[in-house]
Structure formats: structure tokens, C-alpha cells
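Student: Could you walk me through this structure, one question at a time?

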Amino acid sequence: MNMRFFYIASVFFSIFAAVFVFSAAAAKHDPHSAHGAPSMEMKATGSNGQVYTAAGVVKSVDKVARKITIAHEPVPALGWPAMTMNFVFEDASLAEEVKAGDKARFDFRNEGNTYVIVDIEVRK
Ligand SMILES: [Cu+2]
């Protein structure tokens, strides 16, 4: 055995360990990260101002900040699974249409990393 062998072996082990830690961290991602990294195809439709329709249960409404949290059902057009997330109202008057606990159907579009609700209505 010589020191050179140990040196090379430890360098290889360090690289292996670094790659392992990095891929473990990459695998542990938030499902919402899929929203920020749409495929090329989705990015194209999103930037065209396409409006998507979804449904869900309203968790909270912040009229001052014009924000709403919705536990939405899957949105196949965007490849989204069901999840709870925040949206922003395009118009403040939309915040008057719904309250926490309502089942709602809404239309939204993507503006960068923000999802803007352009219409919302309570489902009976
Ligand atoms: Cu979502």
C-alpha cells in the first residue's frame, strides 16, 4: 500500500459523496416547484396569456393583499397534481365573491411565478 493510492481513493470517495448528497437534495422537491419550471410547451402557452380553469376549496382570502389560498383539484392542462397554493386576484372585486370554505371554480393565467385569477365563482 502506498499513500498515493489512499489519496486517489479519498478524492474519488469525496466526489461520489458530493454527487450522492446533491442528487438526494434534488430529489426532495416541493410539488409546487413544478409550477415554476413548466416544460417548453407549457411555457409557450403560459406566456401567450392562456387562461386555465380549475376547481377547489377556498382556504383563505386576503382582501387587502388580493390573495387567496385554494386547495385545488388536479389541473391536467398544466400537469399539476391536487395541492394547496396561493393565487392573486386580478381585480380586487373578485375577493368579494368568495370566502373560506367555499367550493369554487376559477379561471387563471400565469404571469411569471404568479398565478392570477381572472374570474371565480362559488359552486353550489
Ligand atoms: Cu398548485
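Below, a student and a tutor talk the model through.

Tutor: Before we start, this is a predicted model: local features need pLDDT of at least 70, side-chain atom pairs count only at pLDDT 80 or more, and totals for chains, interfaces and linings use all residues. Residues are numbered from 1 along each chain as its sequence is written.

Student: In what order do the elements of the protein chain run from the N terminus on?
Tutor: Helices (H or I, at least four residues) and strands (E, at least two) are DSSP runs, numbered from the N terminus. The protein chain has three helices and five strands. From the N terminus on, the order is α-α-α-β-β-β-β-β.

Student: In what order do the five strands close into a barrel?
Tutor: Strands count as paired if DSSP finds at least two bridges between them. S1 pairs with S2 in the antiparallel sense over six bridges, and S1 also pairs with S4 in the antiparallel sense over six bridges. S4 and S5 are antiparallel too, over eight bridges. The pairing in the barrel is mixed, and the order is S1-S2-S3-S5-S4.

Student: Which residues of S4 point to one face and are buried?
Tutor: Buried means 20 or more other C-beta atoms within 10 Å of the residue's own, exposed means 12 or fewer, and partly exposed is in between, with C-beta atoms placed from the backbone. Side chains alternate along S4, and Lys103, Arg105, Asp107, Arg109 and Glu111 point to the other face and are not buried. The buried ones are Ala104, Phe106, Phe108 and Asn110.

Student: Why does arginine 109 count as partly exposed, then?
Tutor: Arginine 109 is found in strand S4, residues 103-111. The label depends on its C-beta neighbours inside 10 Å, so what decides it is a count of 18.

Student: Which residue in S5 does arginine 109 stand opposite?
Tutor: Look at its contacts (C-beta atoms, placed from the backbone, within 7 Å). Leaving aside neighbours within four places in sequence, they include Gly49, Tyr52 and Val118. The partner opposite arginine 109 in S5 is valine 116.

Student: How many residues does the largest nonpolar core have?
Tutor: A nonpolar core is a set of buried Ala, Val, Leu, Ile, Met, Phe, Trp, Tyr and Cys residues joined through C-beta atoms within 7 Å. Among those with the most contacts inside the largest one are Ile68, Phe106 and Phe108. Isoleucine 68 touches Val58, Phe87 and Ile117, among others, not counting residues up to four places away in sequence. The number of residues in that core is 15.

Technical notes:
Two residues are in contact if their C-beta atoms, placed from the backbone, lie within 7 Å.
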